[in-house]
Amino acid sequence: MSVAPEQQPAAPPEPSDRAVDLALRVAGGVVTVWAGVLAAVLDLLFATWAWEVVGGRPGGFGKALVGISLAVGGIAAVVVLTVLVSWFAHLAVGARWAGALAALPWFVVIVAGGFRTVEGDLALSGDNVLGLGLVVAGAITFAVMGFRQLVVPPAVR
């Protein structure tokens, strides 16, 4: 015997409601893809700027303090931004796999940041320890959020 009250089956949605729902989910997916691209670009810009700030300081305690604060703040910002984008993707699209809509463009932009442009610019170099830490933090956060969204059972509506 179940103690939970029995729920009446919901009436099927109208065709126009389904079309609106689908349009909103597709729009949410497009926004999610662009949010992933924007997050990656912001990560690369911050990593490059912060590494230049640390490299331009004279040595000593001040350089170490600035470097540590930028690294901790940058990694925390990447984790928070990645969690927000993954959460938004799941909410906007309504599917468990929606986090991949933000993660895939993020990875593509990050990988593209590791290649030199025709002009010789490089957004993410091998000696930029902060940038590499940001990449690892973002990748791990996307992986954890994706795993969490796949494992946690969907909410009953």
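Helices here are DSSP runs of at least four residues, numbered from the N terminus. With that settled, here is a walk through this predicted model.

**The overall picture**

The protein comes to four helices and zero strands, and from the N terminus on its elements run α-α-α-α. Of its 157 residues, 27% are buried. Among contacts between residues at least 6 apart in sequence, 75% join residues at least 24 apart. About 10400 Å² of the protein is exposed, and carbon and sulfur atoms supply 74% of that area.

**Helix α2 and the nonpolar patch**

Let's start with α2, residues 61–93. Like α4, it reaches a span close to what is expected at 1.5 Å a residue, as the table shows.

| Helix | Residues | Length | First to last C-alpha | Expected span |
|---|---|---|---|---|
| α2 | 61–93 | 33 residues | 48 Å | 48 Å |
| α4 | 129–151 | 23 residues | 33 Å | 33 Å |

Which residues of α2 are buried? They are Gly67, Leu70, Gly74, Val78, Thr82, Val85, Ser86, Ala89 and Val93. Right after the helix comes Gly94, with a positive phi near 80°.

α2 also has a hand in the surface. A nonpolar patch of about 580 Å² is built from Val31, Val80, Leu84, Trp87, Phe88 and Leu91. Five of the patch residues come from α2, which is the largest share. Two of the patch members in this helix are worth a stop. Phe88 sits in α2 and has a relative accessible area of 32%, so it counts as partly exposed. Leu84 is in α2 too, and its relative accessible area of 47% makes it partly exposed. The C-alpha of Leu84 lies 9.9 Å from that of Ala35, although 49 residues separate the two in sequence.

Thr82, another α2 residue, is a different story: its relative accessible area is 3%, and because buried means under 20%, Thr82 counts as buried. What does Thr82 touch, not counting residues up to four places away in sequence? Its partners are Gly138, Thr141 and Phe142. Those three are themselves on the list of buried residues in α4.

**Helix α4 and the cores**

The buried set in α4 is made up of Leu130, Gly131, Leu134, Ala137, Gly138, Thr141, Phe142, Met145 and Gln149. As general background, an α-helix has 3.6 residues a turn, so residues three or four places apart point the same way.

Phe142 takes us straight to the largest nonpolar core, which has 11 residues: Ala39, Ala40, Leu44, Val85, Ala102, Ala103, Trp106, Val109, Ile110, Leu124 and Phe142. Two elements, α1 and α3 (99–112), give two or more residues to this core. α3 gives the most, with five residues.

Trp106 is a handy core residue to click on. Leaving aside neighbours within four places in sequence, Trp106 is in contact with Gly36, Ala39, Ala40, Asp43, Leu134, Val135, Gly138, Ala139 and Phe142. There is also a second, separate core of nine residues, including Ala47, Val53, Leu70 and Ala137. In general, nonpolar side chains tend to be buried together in soluble globular proteins.

**Helix α1: a salt bridge and a tryptophan**

How many salt bridges does a search of the whole structure find? The search turns up one. Asp21 pairs with Arg25, and their closest N and O atoms are 2.9 Å apart. Both residues lie in α1 (residues 15–56), four residues apart, which is about one turn of the helix. Are the two partners buried or exposed? Neither extreme fits: Asp21 is partly exposed at 37% relative accessibility, and Arg25 is partly exposed at 29%.

Elsewhere in α1 you'll find Trp51. At 28% relative accessibility, Trp51 counts as partly exposed. Leaving aside neighbours within four places in sequence, Trp51 is in contact with Asp127, Asn128, Val129 and Leu130. For the pair Trp51 and Asp127, the C-alpha atoms are 9.4 Å apart in space, with the two residues 76 apart in sequence. Leu130, another of those contacts, is among the buried residues of α4.

How values were computed. Residues numbered from 1 in each chain as written. Predicted model: local features only at pLDDT ≥ 70, side-chain atom pairs only at ≥ 80, totals over all residues. Heavy atoms only, no water. Salt bridge = Lys/Arg side-chain N within 4 Å of Asp/Glu carboxyl O. Buried < 20%, exposed > 50% of the residue type's maximum accessible area, 1.4 Å probe, protein only. Patch = residues over 30% accessible without salt bridge, like charges linked within 9 Å, V, L, I, M, F, W, Y side chains within 5 Å. Areas by Shrake-Rupley, 256 points an atom, 1.4 Å probe, with all protein chains shown as cover. Expected span 1.5 Å × (residues − 1). Contact = heavy atoms within 4.5 Å. Core = buried A, V, L, I, M, F, W, Y, C linked by side-chain atoms within 4.5 Å.
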